[in-house]
Structures are given as structure tokens and as C-alpha cells.
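User: Could you take me through one part of this model at close range? I would like to look at a ligand and its surroundings.

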Amino acid sequence: MASAQHPPNVRVSSHPLIAHKLSLLRDRTTTPKLFRELVRELTWLLGYEAMADLSTQPHPIETPLEPMTGHQVEPKVGFIPVLRAGLGMVDAMLELMPSAEVWHIGLYRDERTLKPVEYYNKLPDAATVQLCLILDPMLATGGSAAATVDILKAWGAARVKQVSLIAAPEGIATLSAAHPDVDIHVAAVDRELNERGYIVPGLGDAGDRQFGTFAGPSSEPGHDRVDETAEVVRRLQRDLPAAQRNVPKEPPPDR
Ligand code: PRP
Ligand code: URA
């Protein structure tokens, strides 16, 4: 099957454990408890890959037998969970790097315009870390990710990476065009956005599925402003370079 040509800053994991766990995560029958566990496990595996290029410096240590020169990770690292859904990725990243700082950014998508709206940001005046890893399970239109990178660069972060579970081609194109220097680590790139700006096949609403909040407006199929939202998605799809369009829709499996 043909696959999309992603920009060079995009790393799509090919690890079989990630593919297996991601399928369980997508399944509509997966409960919030299992969903949270899978988000944590997937983040651990993706985070391991996303930090594979961290520089280290020589560090003198003494084993019980003799002195030696060990390694110490060089850059100061910050994890930036985007509220709400990024919260479920924090613990796994802290297991990998307990010394990292965690700075929360609150953004939600306006359901009509699909533009990000900032509601929480307590970053101090100057950057306290050199490398920021943005944690957000979904990279859909890319609006939230691009806005978070804007915030972090204005803060003074020297390097930024995006760690997401599922991306849409539209979101990758938007983030890569705005910030080509930002590496994007994902478990999968799905086919496209639907007319409501949801990734398909996707997994639905990552925040609602983690926290069991299925009664909110974002979880209701077919809200009354779908025409305006669909026009935003059509514009993103028109701007998408042909090479970055993803594979055609698969036919439904034989019953
Ligand atoms: C989701 C997700 C991202 C954003 C992605 O958050 O966690 O932050 O949408 O969409 P985008 O790429 O089109 O900007 P949502 O707005 O649903 O907020 P929530 O996590 O509080 O539910
Ligand atoms: N946010 C989600 O949680 N899911 C999507 O598919 C798109 C945005």
C-alpha cells in the first residue's frame, strides 16, 4: 500500500509493540482505565525513541571496583503536557527522566474555528530548560502544537520536539511549515481529518476517553456548526502538499 512522504522532521515509530498497543487504544470498546494504561505505555516507548539523540557529557563515577568515566545527559529537559489530554503522558516521561521539569500549557480547540484558545500558562519569564518535549496525544489540525511551539520559542527554549500518539497529515503539514526545526515523534500518521476536525480512523477524543467525560459537546456527533468547521478542514486539505496526503480509505473488512 502506498504511504505518505513525510517531511524529514517526522519520525513515525515502526516498533511492533507500539503498533499493537495503539490498536488496543483505538478500539472503541477500550475502557478509560485501559486507555490510560495504554497512553502511559505508549508514551514510555515513544519517549524512549524521542530522546534517543540527547547529547551526553563525560561524568566521573566510581563503581565498587574502580573509578570510570560514565555519561550524564547534557541538556536540561522540560516536559510540556498540553491540557487536558497531555496529562496522561507525563508519568511515563518522568519515569524515563525523573530530573526533567514539567511545565503545563492549557489550550483547547474552539469547536467552530478549530483554532487553539490558551487558558493556562505559568511559564516563568526566561526559559529554565534547553530542550522542551511537547506532550499531546493528538496532532490534528496542528493548531495547538504550532501555538505551543510559538509559546516555547518566545520563552527561549533552544530546541523543541513534539511527541504525539496519532497525527493527521494536515497537522504534520501545518506544524512543519510553521516550525520546520521541530522534530515530530508519532506512533502513527492516520488518513485525514473528518469534517469536524477529528483524526480518522483515529481514536476519538483523547481527553474524553482518558477521563471518562463523554457528556461534553465535543463528544456529541454532529454539532450544529459543522459547516463552518468543515470549511476549515477543506482549506487545510487544499493546502496539503500532494506528497503528504495519506493512503486512500481502506474498504471495510469482509463480514
Ligand atoms: C485535543 C488534543 C490537542 C488538540 C489537537 O485537545 O489533546 O490538544 O485537540 O487538535 P489540533 O491539532 O486541531 O489543535 P482538546 O481541544 O480536545 O482539549 P482537551 O484535551 O481539553 O479535551
Ligand atoms: N483531538 C482529539 O482528541 N481527537 C482528534 O481526533 C482530534 C483532536
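How do the residues of the shell around ligand 2 divide into nonpolar, polar and charged?

Analyst: Happy to help! This is a predicted model, in which local features need pLDDT of at least 70 and side-chain atom pairs count only at pLDDT 80 or more, while totals for chains, interfaces and linings use all residues. Residues are numbered from 1 along each chain as its sequence is written, chains are lettered from A and ligands numbered from 1 in the order in which they are written, and side-chain values use heavy atoms, with hydrogens and water left out.

The shell around ligand 2 divides into five nonpolar, two polar and two charged residues; here Ala, Val, Leu, Ile, Met, Phe, Trp, Tyr, Cys and Pro count as nonpolar, Asp, Glu, Lys and Arg as charged, and the others, Gly among them, as polar. Its members are Arg109, Met138, Ala140, Gly197, Tyr198, Ile199, Gly204, Asp205 and Ala206, where a residue is near if one of its heavy atoms lies within 4 Å.

Now for the polar contacts (pairs of N or O atoms within 3.5 Å). An oxygen atom of ligand 2 lies 2.8 Å from a backbone N or O atom of isoleucine 199. A polar backbone atom of glycine 204 is 2.8 Å from a nitrogen atom of the ligand, and one of alanine 206 is 2.8 Å from a ligand oxygen atom. Ligand 2 taken alone exposes 240 Å², and the protein buries 88% of that (Shrake-Rupley method, 1.4 Å probe).

Technical notes
Polar contact = N/O pair within 3.5 Å; in protein donor to acceptor, adjacent residues only side chain to side chain.
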